[in-house]
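This report introduces the structure shown below. It begins with one strand pair and then widens to the sheet, the chain, the contact between chains and the core.

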Number of protein chains: 2
Amino acid sequence: MQQASAESIFKEFKEHSISEFFRKNSQMLGYSGKVRSLTTIVHEYVTNSLDACEEAGILPEISVSITEISENKYLITVSDNGPGIPSKLVGKAMATILAGTKFHRYLQQRGQQGIGAAGCTMYSLITTGKPIHVKSSTGKEGYECDISIDIKTNKPIMSNLEKRTEISSGTVIEGTFGDIKYEESDHGVYEYLKRTALSNPHTSIKLTSPDGKDYVFIRSVNEMPKRPKEIKPHPLGIGTNDLIDFAHKSESKKLSSFLVDTFSRVTPGKVTELKEFAKNIDFEKNPADLTWEEAEILVKSFKEIKWVAPEMDAMSTIGDKQIETAIKNILNPTFVSVVERKPRVFKGGIPFVVEAGIAYGGDAGKKTSAIKVDDEKVQNVEGSILRFANKVPMLFDASSCAITEAAKSIQWKRYGITNFDEEPVSVMVNISSVYVPYSGVGKQAVAQEDEIVEEIKLALMDCGRTLQRYISGVKNKKEQESRYKTIMRYVDQLSSDLAEITGNESEDIKHGLISIIENRYKELFTEQTDLA
Amino acid sequence: MQQASAESIFKEFKEHSISEFFRKNSQMLGYSGKVRSLTTIVHEYVTNSLDACEEAGILPEISVSITEISENKYLITVSDNGPGIPSKLVGKAMATILAGTKFHRYLQQRGQQGIGAAGCTMYSLITTGKPIHVKSSTGKEGYECDISIDIKTNKPIMSNLEKRTEISSGTVIEGTFGDIKYEESDHGVYEYLKRTALSNPHTSIKLTSPDGKDYVFIRSVNEMPKRPKEIKPHPLGIGTNDLIDFAHKSESKKLSSFLVDTFSRVTPGKVTELKEFAKNIDFEKNPADLTWEEAEILVKSFKEIKWVAPEMDAMSTIGDKQIETAIKNILNPTFVSVVERKPRVFKGGIPFVVEAGIAYGGDAGKKTSAIKVDDEKVQNVEGSILRFANKVPMLFDASSCAITEAAKSIQWKRYGITNFDEEPVSVMVNISSVYVPYSGVGKQAVAQEDEIVEEIKLALMDCGRTLQRYISGVKNKKEQESRYKTIMRYVDQLSSDLAEITGNESEDIKHGLISIIENRYKELFTEQTDLA
């Protein structure tokens, strides 16, 4: 038996960088499978462009161009008309994992972590050995440069930086990537961009595919969506450690003013209420001295008080009209019902909003089964569940998503659906939040947290009730149609019989009867308002 | 419209530590849901103990004790008889995410990343504000200390370090954790430890549950499992970037000797074969000067040559006998079939081995449906698919696992199973590798990579063929039983009729007939060898 002492085992002890970690585990960033890897790259750049345009108040114009270089190797160019990136930060923005403007803010954006773009730079490096190329201008300075990542240190390697006065705005990123594949499937870039355009109607997106075709998703709304406000956390859902963290970082002199300054909906009046539940706590003390025990008591007290719900204006939703349009566009159904719920609070004091729609008929409920392309197994997509988070379509990892879980757990029979998997029914759900708890770094599924699953279920049940009325209406109409047809079959015979009995003209009687019957069944002859 | 320039947007630009990232996204480490969070903590400490004992050649003795402090708050103590941790490294080992002895080695271990223990320290801090307490001895030094983590910097905070000569070996970790819950469900600690003991029969595990009960899983094998060898990567599956990385770090003077020294199965003879396919490459050149283009050619050439399969001795499997024992213990089935496949190579040149078993009858195929405990939704476990990776049971995230995918994609009808979800059939799969590509940091599912799914399918199909013979045997036996019973019904009447015709004694004829019939159906009276 080979023996090893602690000393010899721990000779191997080393520290590693986050970039080394994600290089080894690139599947966790969404780089697994060639088709998915390509969609991941486009997703990362496009969401960054949308976020930047939204923050700068610019109606986004985004172009994505994909050119095949050799087998499974492509040149990808994504350009936008956004505010640009200052040259002194572009290196870190593009090639330092966990660096960015988003991680620490209470602001709803598509990106959250500062991982995506640096992940692309790394994927370009490990599959082609090449840097990415960036052209950008903030209006004040235009430049272009090459950027790669030093995986060992998680630091950018910039080269060939040159001023370019002719570039006046926006950002263009060009990269070559290997081990990817363009494909027009439900998991491909086309479908991703189409759904992105539908959930972001203020955006114009152009796709040039490897075979040279141009697809343009035209802007349908010429106004910027309501800008989500940067918010304070809501006291409900704040944990003890969060509270300690805020308190010890605070510049307030007193605990009471710290609470009012730091959290949403906390007023001096509410502090007075809190004092009732936290009698032993000195609200005059410096928040820097707040102890764990005191923080625990405060967190408990938060839950004893009635709070105004979180501000809706922290959230930027797709909107019910647009969800209806998106559903009609994707599924061409005979019936749609849409609902937007009130904001709820998730743990950490973070509000979120669920929007949902149900479609019936048309292409709703169509199965998109597992596709086998070349040597590559493409994951099964849940064709009947369209999933979005912060207006970004999620095309992968359906089975581990809170939206799938909620949709599957509903008792669809109550809503006139005997078998959700077999009938022509689809749901679309968008969850908007300052912080969406994704189940993985690749952001393709929302973690199955209880509050979120429950809220999605309630939204779908809301829509379900409307659907139930529609379906029973359809059934009713079918029954009436059948009765109408049965009666009409007797009209000829009955008219001539009545003519003999009464001595009236058979044709007159017939017209009279038809008019009575048609009046009785007049609903069958008016255009049905399917899209109630 | 609120406008923001690039300069004002990028004022918020910051870098964040990996610990800040995982604090915000603790669900990615397995901290989602109270029951799962507790299992995650025990899983992290126990796998570290098993790895340390295995490396030191010590038969593991592990104790896990869980004491309730208050609602959803517990004291957890995990102690082992392992080699101990040197005091100068214990801080980083317990409180620096991505630090450890495992990340960079080609050695099969349960831990891979150096995240688990530091994640526990962080979870203790954010749910209770407390440090963990460690007692350890390497034999040369005994000590105890408190350790917490500075989340902002990902550095340990050590305090109260004291020498303890009375501690002579092993490691004890004590921590208090909030937002967790002990529960005896399929997702709980008891089930986790039971399955761990079954897949690690050389281990003795004791669990003391919060109600004071002791459960002991006794060691059933008194020998250490074959120690997995630290290996070199296999040339198949090596990517261009991997090759460049190895080459530029190499101390070899020549490309040819670099290849022989760095990779498994590369001999001078194989280098000569390689030269045939890579004619333009100078094999005398310094590997430090290897270009991307040359590396690409080499990687392609690797695929043109026949290679000896990777060394099996890099892998430590559960073993077919023990898989059978585990399956019998968990499911008490009437039939088991087990197979261990040959090693295969996954991308990055990493070999892996799949072991699988199928159980039929008994508790096999029992449904463990979604359980709702308090306010908490426990995820549905796939009761009919027992999943292991490197001998560690995986209890969560079944739906996103390659093992589930493989099991569900098999045409079970071929193997006598009409409906896998409804019939009394279960599968158990263990995948062993130097690097298992988990789908998430919490290591509860194996990513659905093609090579792995395919290999698991082949293993299950192997077992399936034996199952098919058993099931058709069972059906055959049932038919025979029914014929036997039918014939026996006529024996009395036939005997007396024949007695009348022949004048022989009815009883004699009856005995004769029964003996003929029983001889014909003798298989029905011998003990069936169910566990073929």
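## A strand pair in chain A

In β10(A), A:Tyr215 is the bridge partner of A:Leu207. The two strands concerned, β9 (residues 204-208) of chain A and β10(A), pair in the antiparallel sense over 4 bridges. Strands are DSSP runs of E with at least two residues, helices are runs of H or I with at least four residues, and both are numbered from the N terminus. Two strands count as paired if DSSP finds at least two bridges between them. In general, the strands of a sheet pair through backbone hydrogen bonds, either parallel or antiparallel.

This is a predicted model, in which local features need pLDDT of at least 70 and side-chain atom pairs count only at pLDDT 80 or more, while totals for chains, interfaces and linings use all residues. Residues are numbered from 1 along each chain as its sequence is written, and chains are lettered from A and ligands numbered from 1 in the order in which they are written.

## The sheet and its helices

An open sheet of 8 strands in chain A follows the order β7-β6-β5-β8-β3-β2-β9-β10, and its pairing is mixed. Because β7 (155-163) and β10 (214-217) of chain A stand at the edges with a single partner strand each, one side of each is left without a neighbour in the sheet. From one strand to the next, the twist averages 15 degrees.

Helix α4 (residues 87-95) of chain A packs on the sheet and touches β5 (132-137), β6 (142-150) and β7 of chain A; its direction makes about 35 degrees with that of β6(A). Helix α5 (residues 116-128) of chain A also packs on the sheet, touching β3 (73-80), β5, β6 and β8 (170-178) of chain A, and its direction makes about 35 degrees with that of β8(A). Axes are lines fitted to C-alpha atoms, for helices over the stretch in contact, and angles run from 0 to 180 degrees between N-to-C directions.

## Chain A as a whole

Chain A has 14 helices and 18 strands. An automatic or database assignment gives domain 1 (18-217), domain 2 (240-302), domain 3 (313-469) and domain 4 (478-525) in chain A. The centres of domain 2 and domain 4 of chain A, taken over C-alpha atoms, are 79 Å apart.

Of the 532 residues in chain A, 51% are buried, that is, have 20 or more other C-beta atoms within 10 Å of their own, with C-beta atoms placed from the backbone.

## Where the chains meet

The contact takes 64 residues from chain A and 65 residues from chain B; two residues are in contact if their C-beta atoms, placed from the backbone, lie within 7 Å. Helix α1 (residues 6-10) of chain B gives the most to the side of chain B that touches chain A, with 4 residues.

Strand β1 (residues 14-15) of chain A and strand β4 (residues 99-100) of chain B run antiparallel and are joined by 2 bridges. A:Glu15 has B:Ala99 in β4(B) as its bridge partner.

## The nonpolar core

The largest nonpolar core has 285 residues, of which A:Val446, A:Ile456, B:Val446 and B:Ile456 touch the most other members. Such a core is a set of buried Ala, Val, Leu, Ile, Met, Phe, Trp, Tyr and Cys residues joined through C-beta atoms within 7 Å. Leaving aside neighbours within four places in sequence, the contacts of B:Ile456 include B:Val354, B:Ala402 and B:Val429.

Notes
A residue is buried if 20 or more other C-beta atoms lie within 10 Å of its own, exposed if 12 or fewer, and partly exposed in between; C-beta atoms are placed from the backbone.
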